[in-house]
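Hi everyone, thanks for making the time today. I'd like to walk you through a structure, so please have the viewer open and follow along.

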Amino acid sequence: MNSGEERHKKFLELYSPLHDRLTRFVQVLIWDREEVRDIVSETTLTALEQFGKVQHPDAFLYYLFTIARRKVNLYITRKQRFVPMEIDINNEPIDYSNGAFELLNTKDLNTALLKLPEIYREPLVLFELSGFSIKEISGLLTISENGIKSRLVRARIMLSKQLEGELHERNAKTAS
Amino acid sequence: MKEMQKQQVEGEELEPRNTGNVQLDRLLNEASAMPLAISSEEMLRLIPKANTSAFNHLSNLKWIITGSIILTGIVLYLISPFKKENSEEKNKGSYRQSTENISQNGSQAEDKVAVTIAQKQSNISSNEQKVIQPIKSAISNKNSIYLDGTTTVLLTHDDGVVSIELNKSGVKKIIDSGVIVSQENYSDYRTDIEKAFAQTGIKYNSSNQKSKSKQEELAEAIIRGLHNENLLLDGESYDLSLTNKEAILNGKLLSEESKLRMLTIVAQTTGKTLPNDGKIHIRH
């Protein structure tokens, strides 16, 4: 087995367990499935081409997701039509008891996520959907674990608010 | 919302998709259960294709570049003796041998490096042969450590004697009737200087300083090469003698491979191969 084959085999060993997490991270932010396929493929191929840079297997997770984050954020920036929201998280709590929230679906979640500032959106998606631990997110984003926890709590509140906004917007459209 | 803020306030451990907002948890759970846009199997099928194209391409490229460098080194090495032999046949017996010792002063006095390059040349004009005289006399003087072909010319005038010390780099010193002339007044002695150069046959070479620094550069490149080859440790003193036939470092004969690397460094740094009888001597 030559060095190229060995490297390829090593890459597959490290990549395979992370594929689902990577795809989920991408697809919750990029709704278009074709775009998701493209971004996941590009990420994987970039990671493979520059695999020699990875000094330690433990670093592969961060290496792979750093590439993915860059590609996803670039895509979002290009496609972004919304001004990032400014939410006062000390607003009055939302009333979930009326059942209106049940009308929301995963597309609404995607829309709401894209309206969150990147610094909240990324840790939230990594934690809630890509199975990252707080320690791993801290390593990836190079922010302290407490900082990540704080961002996650704020991100959850902001996302709830944003979903409420989505609901109001939909109701307004229906009424008109 | 209150539940979320409570988690933060109380420092509870956060759990994925347990936000305290039932509807948000539901959406997050649905999103995490969504089928993947690209399955693991499909992605793994794509990777081997990439391996055969991009990966092999890179790997091949690496070998091509490495091969080219080695081939260039070998060709340069092989060409040099042929070139030399041809010119020797054309100019039988007409050659001179000159030796230049150049001192290199680094930032510290102990870093002085002496580089000796002995070079055999052909096609000498009669003028150049005249130049050899001061150099040869300097070589015979064993007290001279660094020889740069400096010579002194005495010009007698009605009002005194002008002594001009010069070499290829230009005028080193002018003494007019025992008084050292400052450099800004050298223009007053223009005629004398021209006469002195004409008498000695020394040709002013403005690029001499440049070539000196090239030799310093060569010495540094060779030393770097020795460090890279792990033949020399940092701070270790060295005495390297390099010819086309052999490389001797601190009295030890280096391997053929190391010698070739050193010769390649010479070729790369100077842009030409070491002449057949050429010798490089570096010591510290």
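**A walk through chains A and B**

Let's begin with contacts in chain B: among those between residues at least 6 apart in sequence, 53% join residues at least 24 apart. Please keep in mind throughout that this is a predicted model. For chain A, if we again take contacts with a separation of 6 or more, residues 24 or more positions apart account for 74% of them.

How do the two chains look in terms of elements? Chain A has eight helices and zero strands, so to speak an easy one to write down: from the N terminus on, its elements run α-α-α-α-α-α-α-α. Chain B has seven helices and ten strands. As for burial, 39% of the 176 residues in chain A are buried, and in chain B buried residues make up 19% of 284.

Now please zoom in on chain A, and on helix α2, residues 19–29. What are its surroundings like? Nine of the eleven residues of α2(A) are buried, so the rest of the structure largely encloses this helix. The buried ones are His19(A), Leu22(A), Thr23(A), Arg24(A), Phe25(A), Val26(A), Gln27(A), Val28(A) and Leu29(A).

One partner of α2(A) is helix α3, residues 33–49 of chain A: the two axes come within 9 Å and cross at roughly 135 degrees. That angle makes α2(A) oblique to α3(A). If you like handedness, α2(A) passes α3(A) in a right-handed crossing. Which residues meet there? From α2(A) we have Leu22(A), Thr23(A), Val26(A) and Gln27(A), and from α3(A) they meet Val36(A), Ile39(A), Val40(A) and Thr43(A). Sorted by class, this contact of α2(A) with α3(A) has five nonpolar residues, three polar ones and no charged ones. And if you go back to the burial list, Leu22(A), Thr23(A), Val26(A) and Gln27(A) are among the buried residues of α2(A).

Let's move along to the other packing partner I'd like to show you. Helix α4 of chain A covers residues 60–79, and α3(A) packs with α4(A) at an angle of about 140 degrees, the axes being 9 Å apart. Here too the label follows from the angle, which makes α3(A) oblique to α4(A). The crossing of α3(A) and α4(A) is right-handed. On the α3(A) side, the contact is made by Glu35(A), Ile39(A), Glu42(A), Thr43(A), Thr46(A) and Ala47(A). On the α4(A) side you'll find Tyr63(A), Leu64(A), Ile67(A), Ala68(A), Lys71(A), Val72(A) and Tyr75(A). The class count for α3(A) with α4(A) is eight nonpolar, two polar and three charged residues. A detail I enjoy is that Ile39(A) and Thr43(A) turn up in the contact with α2(A) and again in the contact with α4(A).

Over to chain B and its sheet. In what order do the strands lie? Four strands form an open sheet, ordered β3-β4-β5-β6, with antiparallel pairing. Its edge strands are β3(B), residues 151–157, and β6(B), residues 179–180, each of which pairs on one side only. As a general reminder, strands of a sheet pair through backbone hydrogen bonds, either parallel or antiparallel.

Starting from the β3 edge, β3(B) and β4(B) form a hairpin with two residues between them. This antiparallel pair runs over seven bridges, and Leu155(B) stands opposite Val162(B) in β4(B). At the other edge, β5(B), residues 170–176, pairs with β6(B) in the antiparallel sense over two bridges. There, Ile175(B) has Ile180(B) in β6(B) as its bridge partner.

What lies across this sheet? Helix α5(B), residues 190–200, lies across β3, β4 and β5 of chain B, and runs at about 125 degrees to β3(B).

Finally, some backbone torsions. Most residues other than glycine have a negative phi. Thr142(A), however, has a positive phi, near 50 degrees. Thr142(A) sits in the loop between α7 and α8 of chain A, and it counts as exposed because it has 8 C-beta neighbours inside 10 Å. In chain B, Asn250(B) also has a positive phi near 50 degrees, and lies in the loop between β8 and β9. Exposed, buried or in between? With 14 C-beta neighbours inside 10 Å, Asn250(B) counts as partly exposed.

That's my tour, and I'm happy to take questions.

Conventions. Residues are numbered from 1 along each chain as its sequence is written. Chains are lettered from A and ligands numbered from 1 in the order in which they are written. This is a predicted model: local features need pLDDT of at least 70, side-chain atom pairs count only at pLDDT 80 or more; totals for chains, interfaces and linings use all residues. Two strands pair if DSSP finds at least two bridges between them. Two residues are in contact if their C-beta atoms, placed from the backbone, lie within 7 Å. Axes are lines fitted to C-alpha atoms, for helices over the stretch in contact, and angles run from 0 to 180 degrees between N-to-C directions. A residue is buried if 20 or more other C-beta atoms lie within 10 Å of its own, exposed if 12 or fewer, and partly exposed in between; C-beta atoms are placed from the backbone. Angles under 35 degrees count as roughly parallel, over 145 as roughly antiparallel, 65 to 115 as roughly perpendicular and the rest as oblique. A crossing is left-handed if the near helix is turned anticlockwise from the far one by less than a right angle, and right-handed if clockwise. Ala, Val, Leu, Ile, Met, Phe, Trp, Tyr, Cys and Pro count as nonpolar, Asp, Glu, Lys and Arg as charged, and the others, Gly among them, as polar.
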